[in-house]
Amino acid sequence: MARTALVTGGSRGIGAAISRALKEEGYTVAATYAGNDEAAAKFTEETGIKTYKWNVADYDSSKDGIAQVEAELGPIDIVIANAGITRDAPFHKMTPQQWKEVIDTNLTGVFNTVHPVWSGMRDRGFGRIVVISSINGQKGQFGQVNYAATKAGDLGIIKSLAQEGAAKGITANAICPGYIATEMVMAVPEAVREKIIGMIPAGRLGEPEEIARCVTFLVSEDASFINGSTISANGAQFFV
Ligand code: NDP
């Protein structure tokens, strides 16, 4: 039977590309969204990917949502923790609310997504966790103290989960995308976006499908000895 994969934020952007790629590989896919873009979720559902709405920042909603997915589609063997938001501001103007929203969604959201499936993965002796971090978690970014903290935190999460899961057949890895052409990046003013592209040696933004292909590799049998690792997919935008 096909393994079941859960992709949080799988209704649009990078997550939608991941959902599609996993479906093409033959997995049963559940994509989640928050409820801000019903049209994108409807479109994803129409492509044969079951969509579910819950807030990853809330533990009980995540636990209940995951129980519903497992009841309908079977045990979740693959988790792609992709849902994420930005609330950018220079630190002197960053509000406690902006800090909290990003921490709750991008960091606590990963805990809330992985924790309810972890025991089942341990019991079955198989699991694949992939967290979508960011180049800005590796290098920091002006105006993103909150976001960079969460994305750096993701790397701590996967390195620790890898050590706890390795003997149980579970791998946990991260992907750090550079700038990818999704709504999150297209919302940046064009002049700033041009400046960003000027810093990327590849001379272009990445495509969501280029991140999705990293995911399909990391969840495959071929990647069984890759655990606690980070794939940087950023068009050679080195950061040291
Ligand atoms: P988008 O803004 O295009 O899509 C975000 C997705 O996450 C949507 O499906 C959204 O649902 C969902 N989501 C947001 N908040 C929540 C929540 N609280 N609960 C459940 N679902 C939620 O994002 P991207 O595709 O651009 O980014 C995806 C991931 O990749 C993020 O973690 C981001 O930080 C990371 N990343 C992105 C980069 C880029 O250049 N785009 C670069 C590096 C990392 P809804 O439609 O309902 O809002």
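Which residue in β4 is the bridge partner of Val 7? In β4, that partner is Ile 80. This report describes a predicted model, beginning with the record and then following the strands, one helix, the ligand shell and two individual residues.

## The annotated span

An unreviewed UniProt entry lists residues 3-178 as "domain: Ketoreductase". In the model, helix makes up 52% of this span and strand 19%. The C-alpha atoms at the two ends of the span are 29 Å apart.

## Strand β1 and its two partners

Strand β1 comprises residues 4-7. Thr 4 and Leu 6 point to one side of the strand, Ala 5 and Val 7 point to the other, and all of them are buried. This arrangement follows a general pattern: in a regular strand the side chains alternate between the two faces of the sheet.

β1 runs parallel to β2, and four bridges join the two strands. Thr 4 lies opposite Thr 28 of β2. Between these strands the chain passes through α1, and the resulting β-α-β crossover is right-handed. β1 is also joined by four bridges to strand β4 (residues 76-81), again in the parallel sense. Val 7 of β1 therefore has a bridge partner named on each of two strands: Ala 31 in β2 and Ile 80 in β4. 

## Helix α1

Helix α1 covers residues 13-24. At 1.5 Å a residue, its 12 residues should span 16 Å, and the 17 Å between its end C-alpha atoms agrees with that expectation.

Why is α1 described as largely enclosed by the rest of the structure? The description applies because 10 of its 12 residues are buried, a residue counting as buried when 20 or more other C-beta atoms lie within 10 Å of its own. Among the buried residues are Gly 13, Ile 14, Ala 17, Ile 18, Arg 20 and Leu 22. Just after the helix, Gly 26 adopts a positive phi of about 100°.

## Strands β2 and β3

β2 occupies residues 28-33. Six of its six residues are buried, so the strand is largely enclosed by the rest of the structure. Cover is found on both faces: Thr 28, Ala 30 and Thr 32 are buried on one side, and Val 29, Ala 31 and Tyr 33 on the other.

Four bridges pair β2 with strand β3 (residues 50-53) in the parallel sense. Within this pairing, Ala 30 has Lys 50 of β3 as its bridge partner. The chain travels from β2 to β3 by way of helix α2 (residues 38-46), in a right-handed β-α-β crossover.

## Strands β4, β5 and β6

β4 and β5 run parallel and are joined by four bridges. Ile 80, the β4 partner of Val 7, stands opposite Val 130 in β5. The connection from β4 to β5 goes through α4, and this β-α-β crossover is right-handed.

Strand β5 spans residues 127-132, and six of its six residues are buried. Gly 127, Ile 129 and Val 131 are buried on one face, while Arg 128, Val 130 and Ile 132 are buried on the other. β5 also pairs with strand β6 (residues 170-177), in the parallel sense and over six bridges. In that pairing, Ala 172 of β6 is the bridge partner of Ile 129.

## The shell around the ligand

How many residues surround the ligand? The shell holds 31 residues, and the closest are Gly 9, Gly 13, Asn 36, Gly 84 and Met 184. By type, the shell divides into 14 nonpolar, 14 polar and three charged residues.

Several elements contribute to this shell. α1, β2 and α7 (183-186) each supply at least two of its residues. Gly 13, one of the closest residues to the ligand, is also one of the buried residues of α1.

## Two contrasting sites

Is Gly 84 buried or exposed? Gly 84 is buried, because 26 other C-beta atoms lie within 10 Å. This glycine is placed in the loop between β4 and α4 (96-124). Gly 84 and Glu 183 are 99 residues apart in sequence, yet their C-alpha atoms are 12 Å apart in space.

Ala 236 is found in the segment after β7 (230-233). Its phi is near 70°, a positive value in a residue other than glycine. Ala 236 is exposed, because 10 other C-beta atoms lie within 10 Å, and a residue counts as exposed at 12 or fewer.

Key:
Residues numbered from 1 in each chain as written. Predicted model: local features only at pLDDT ≥ 70, side-chain atom pairs only at ≥ 80, totals over all residues. UniProt positions renumbered as here; feature names shortened; annotations may be inferred. Near = placed C-beta within 6 Å. Nonpolar A, V, L, I, M, F, W, Y, C, P; charged D, E, K, R; others polar. Pairing = 2+ DSSP bridges. Right-handed = clockwise from strand over helix to strand, strands pointing away. Expected span 1.5 Å × (residues − 1).
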